[in-house]
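The exercises below each set a task and then work through the solution step by step. Please look over the sequence and the structure before starting.

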Amino acid sequence: DHGRKQNVSTALGGLGDIAMRAELGGFYNLALSREIKFNTGLRYGAGQDRHGAVLDLGMNYRIALTEDRFLTLGIKTSYANNHYMQSYFGVTAAQSARSGYAVSTPKAGISEVGLSANYLYKIDRNWSVLTGISYAQLGSIVQAAPMSRSHSASSLNLLTSYTF
């Protein structure tokens with residue numbers, strides 16, 4: 001878990017830091033065909049009390065454009081337990097006194113739903129370049145959190161990889 005530093009945003013002032021720590025996790029991916037793959041992942045150990053858990057569920061559809069170029073479209077949702085939600089989006093009485101936010105105790109629920117599009121180019125049998133864009137709509141529980149300033153998140157990625 002990457003944790004959180006309160007000094008990265010004024011919205012987090014008075015909420016304290018959440019330490020970075022290792023999580024226990026696993027995944028299971030199922031390829032229904034060369035084009036369709038289901039992805040799952042479960043992580044446990046995040047948050048202040050180390051009982052935060054996140055379940056990721058997704059599906060990717062891969063389109064071969066040529067022998068060495070591929071487009072992948074994906075959809076994903078993440079569900080977080082109440083320990084995770086409280087650590088990252090809740091406000092305890094002590095945090096309320098420091099931050100000025102009202103006490104809040106969010107329940108478990110969907111933390112985000114996202115879409116992605118990636119383009120993969122295989123340069124040769126070892127080297128590949130991947131570029132992609134993703135967009136995530138935050139769940140209603142996360143949106144309602146007093147420190148939330150946006151209802152969505154997006155990213156642009158550029159990766160290179162070498163296969164042995």
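**Exercise 1.** Between which two strands does the loop that holds Arg50 lie?

Solution. The model is a predicted one, in which local features need pLDDT of at least 70 and side-chain atom pairs count only at pLDDT 80 or more, whereas totals for chains, interfaces and linings use all residues. Residues are numbered from 1 along each chain as its sequence is written, and side-chain values use heavy atoms, with hydrogens and water left out.

Step one is to place the residue: Arg50 lies in the loop between strand S2 (36-46) and strand S3 (52-64), where helices (H or I, at least four residues) and strands (E, at least two) are DSSP runs, numbered from the N terminus. Step two is to look at its cover: Arg50 counts as exposed, at 51% relative accessibility. The terms used here are buried for under 20% relative accessible area, exposed for over 50%, and partly exposed in between (1.4 Å probe, protein chains only). Step three concerns the backbone: phi of Arg50 is near 65 degrees, a positive value in a residue other than glycine. Most residues other than glycine have a negative phi.

**Exercise 2.** Describe the chain as a whole, beginning with the order of its elements.

Solution. Counting the secondary structure gives 3 helices and 7 strands, and from the N terminus on these elements run β-β-β-β-α-α-β-β-α-β. For the extent, the C-alpha trace spans about 60 × 30 × 30 Å along its principal axes. Of the 164 residues in the chain, 31% count as buried. Among contacts (heavy atoms within 4.5 Å) with a separation of 6 or more, 47% come from residues 24 or more positions apart.

**Exercise 3.** In which segment is Gln6 placed, and which residues does Gln6 contact beyond its neighbours within four places in sequence?

Solution. The place of Gln6 is in the segment before strand S1 (24-31). Leaving aside neighbours within four places in sequence, Gln6 is in contact with Leu12, Gly13, Gly14, Leu15, Gly16 and Asp17. For one of these partners, Gly16, the C-alpha atoms are separated by 5.5 Å, although Gln6 and Gly16 are 10 residues apart along the chain. Gln6 is described as partly exposed because its relative accessible area is 28%.

**Exercise 4.** Take Ala117 and Ala136 in turn, and find for each the strand, the accessibility and the contacts.

Solution. Ala117 belongs to strand S5 (residues 109-122), and Ala117 counts as partly exposed because its relative accessibility is 26%. Not counting residues up to four places away in sequence, Ala117 touches Thr72, Leu73, Thr131, Gly132 and Ile133. Ala136 belongs to strand S6 (residues 127-138), and here the residue is buried because its relative accessible area is 9%. With residues up to four places away in sequence again left out, Ala136 touches Glu112, Val113, Gly114, His151, Ser152 and Ala153. As a last step, consider the partner His151, which is 15 residues from Ala136 in sequence and 8.7 Å away in space, C-alpha to C-alpha.

**Exercise 5.** Is Ser96 buried or exposed, and in which helix is Ser96 found?

Solution. Ser96 is found in helix H2 (residues 93-99), and Ser96 counts as buried because its relative accessibility is 17%. Apart from residues up to four places away in sequence, Ser96 touches Val91, Tyr101, Ala102 and Val103. By comparison with these contacts, the C-alpha atoms of Ser96 and Val54, 42 residues apart along the chain, are separated by 25 Å.

**Exercise 6.** How many aromatic pairs are there, and which residues form one aromatic cluster?

Solution. The rule is that rings of Phe, Tyr and Trp (its six-membered ring) pair if their centres lie within 6.5 Å, with planes under 30 degrees apart counted as stacked, over 60 as edge-to-face and the rest as tilted. By this rule the count comes to 4 aromatic pairs. One of them is the tilted pair of Tyr88 and Phe89, with 6.5 Å centre to centre and 50 degrees between the planes. Tyr88 and Phe89 are both buried, and together with Tyr84 they form one aromatic cluster.
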